[in-house]
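Reader: Before I rely on words such as cavity, pocket or exposed, I would like to see how each of them is justified for the model shown here.

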Amino acid sequence: MPKPQSLRSAASKGGARVAEIAELFERGEYMQAATLYDDVFAGGNAPFDAAAFRARIHMRRTGELPKAISLLNRLRKSASGAERIRAQMLLGDSYATVGDFKSADTELRAAWEAAKLTKDKHLIAEVAYRYGRRYTLLGTDPQLGREFLQPIRDAGSANARLNALHLESWILFREGRTHEQARILMQMLQSLDPDDPAHMEHRVRGTQTLAALAREFYLPEAIPIVERQLGGAEWPVDFTVALFQATKAVGWAKALQGDYFNAFRYLRRSALAAPNLAWQAMALCDRAYLAQTREQDVWFQQELSDAEEAADAAQWENCADEAVMALLGLAELLAPIDAAKASEYLARFREGGSIRTPRALMKDDPRLEAMIEYSTGVVDAHLGNRKSGTARLKAALEAFEAFGMEWRAGRAALRLYDFSKKRAYLATAERLLHHYGSSWLGEELRKRTRTPDTRAAGLTPMQDKVFRLICQGLTNAEIAEMLGLSPMTIANHAKAVLKAFSVSSRHALIAEAMRRKII
């Protein structure tokens, strides 16, 4: 496979060590690339390509952006021709990331005009990608980003093709066309070999984004594609947060399909990958939430206690990314148990909890506001402020439904029914949750809408749990692992369930339950 343009350029200008730095960068091993750069060029006088790679490594770490800007300013002043254009391009990208959009546009516009004069289609594509991304992720008009798609495609290289697909996916996200965005990402990821470390950043970002979409929208066809990328070559340590988020999102997607065995498996994996206490608190909140939906009270209390411990030790004042959403999750979980403590976590979110990372796709996004409204509404209602809580939940329901986030909207409708007892909300939930009948939300809906069956009502609480899980197709061993009981105990409960329904097999039990419209 031919080396990317960046590697050939690096090799010609700085020799084998610069090419080695470039290769590490292309593989996403930024920490190793930075260490090698610092070792080789400790005395200064690094060639342009090596210094540009060092600046790009700084750019990927929020706390190191000032270093990137300082280094790129020096490079811009000393460079000429294509090197100067690349320095301006990266400098504009850095300014945009720290929120200095005036300086960002000045540098990116200069780089763009200069690149077009060179007639170098690869350089033009590089600048077009950066400039288009600025308008798409950090601008107010994603349509401006579309102007840069064709120049990127014209470059014709594999990397340019991936850049074009990624930019188009971001444009579709900003336009609210999330199913089309998922289609683009699936197309991109299916073209990437998960065992090939080339194009690591595209693979990571695409997998992370598609996993998030599979969590928020009904996209069962996307989940196997995400799992294939997660199961390929190991992600570099620099992508720890991305791996955590992608794995966590797949766990939720599995739970929304009713696949709790694999849901907990992925959530356990995400908890182990949590890069700091803030993210760990979020992972533990997820596990507590699902334990609660499975009515595993002891497990729920343990996970919730661990989540509180992690949250209380986390340095939220230094948290600038989506990890702050853990505070909302804690507030929601604690609301029915200790509303006063829940309001304390909510207040902590309001005081210091804001997603300040400019490159975050959810920055200034109304979907984030809907999530805040939902959690705040739940807490308000449990504090006794039913009017405020209901108003917030209605606002969340309307926003989620407008964006096609059906399960979140359906969940809000269920909470509104619980607080108001208006059956219209059950009808709304039934309409919104038609894809999620196998999930805990489907179970919640059925509990509120079904007519109790006399034979089913005679089951003990544990027998009823086993009955529901048998109807989901789980084996005794899987049910035992999920409920934390021995297979023999589950077998005894299963026998009692079959006897209660006067059937002799699981297939007959499911058929009878369907006939009686219990499931």
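Author: The turns below take up the terms one at a time and set each value against its definition.

Author: This is a predicted model, in which local features need pLDDT of at least 70 and side-chain atom pairs count only at pLDDT 80 or more, while totals for chains, interfaces and linings use all residues. Residues are numbered from 1 along each chain as its sequence is written, and side-chain values use heavy atoms, with hydrogens and water left out.

Reader: What makes a space a cavity, and how many cavities of 30 Å³ or more does the structure hold?

Author: On a 1 Å grid over the protein atoms alone, a cavity is a set of points where a 1.4 Å probe fits but cannot get out, whereas a pocket is an open set with protein on both sides within 12 Å along at least five of seven lines. The structure holds one cavity of 30 Å³ or more, and the volume of the largest cavity, taken as the space filled by probe spheres set on grid points that are joined across faces, edges and corners, is about 70 Å³.

Reader: Which residues line the largest cavity, and how do they divide by type?

Author: A lining residue has an atom within 4 Å of a point, and among those that line the largest cavity are Arg-215, Phe-217, Gln-257 and Tyr-436. Helix H12 (200-216) and helix H14 (240-256) are the elements that give two or more residues to this lining, helices being DSSP runs (H or I, at least four residues) numbered from the N terminus. The lining divides into nine nonpolar, one polar and one charged residue; Ala, Val, Leu, Ile, Met, Phe, Trp, Tyr, Cys and Pro count as nonpolar, Asp, Glu, Lys and Arg as charged, and the others, Gly among them, as polar.

Reader: Why is Glu-295 called partly exposed?

Author: Buried means under 20% relative accessible area, exposed over 50%, and partly exposed in between (1.4 Å probe, protein chains only). Glu-295 is at 35% relative accessibility and therefore counts as partly exposed. Glu-295 lies in the loop between helix H16 (277-293) and helix H17 (297-313).

Reader: What makes Ser-502 exposed, and where is its place?

Author: Ser-502 has a relative accessible area of 59%, so Ser-502 is exposed. The loop between helix H28 (487-500) and helix H29 (506-515) holds Ser-502, which has a positive phi of about 55° although it is not a glycine. Most residues other than glycine have a negative phi.
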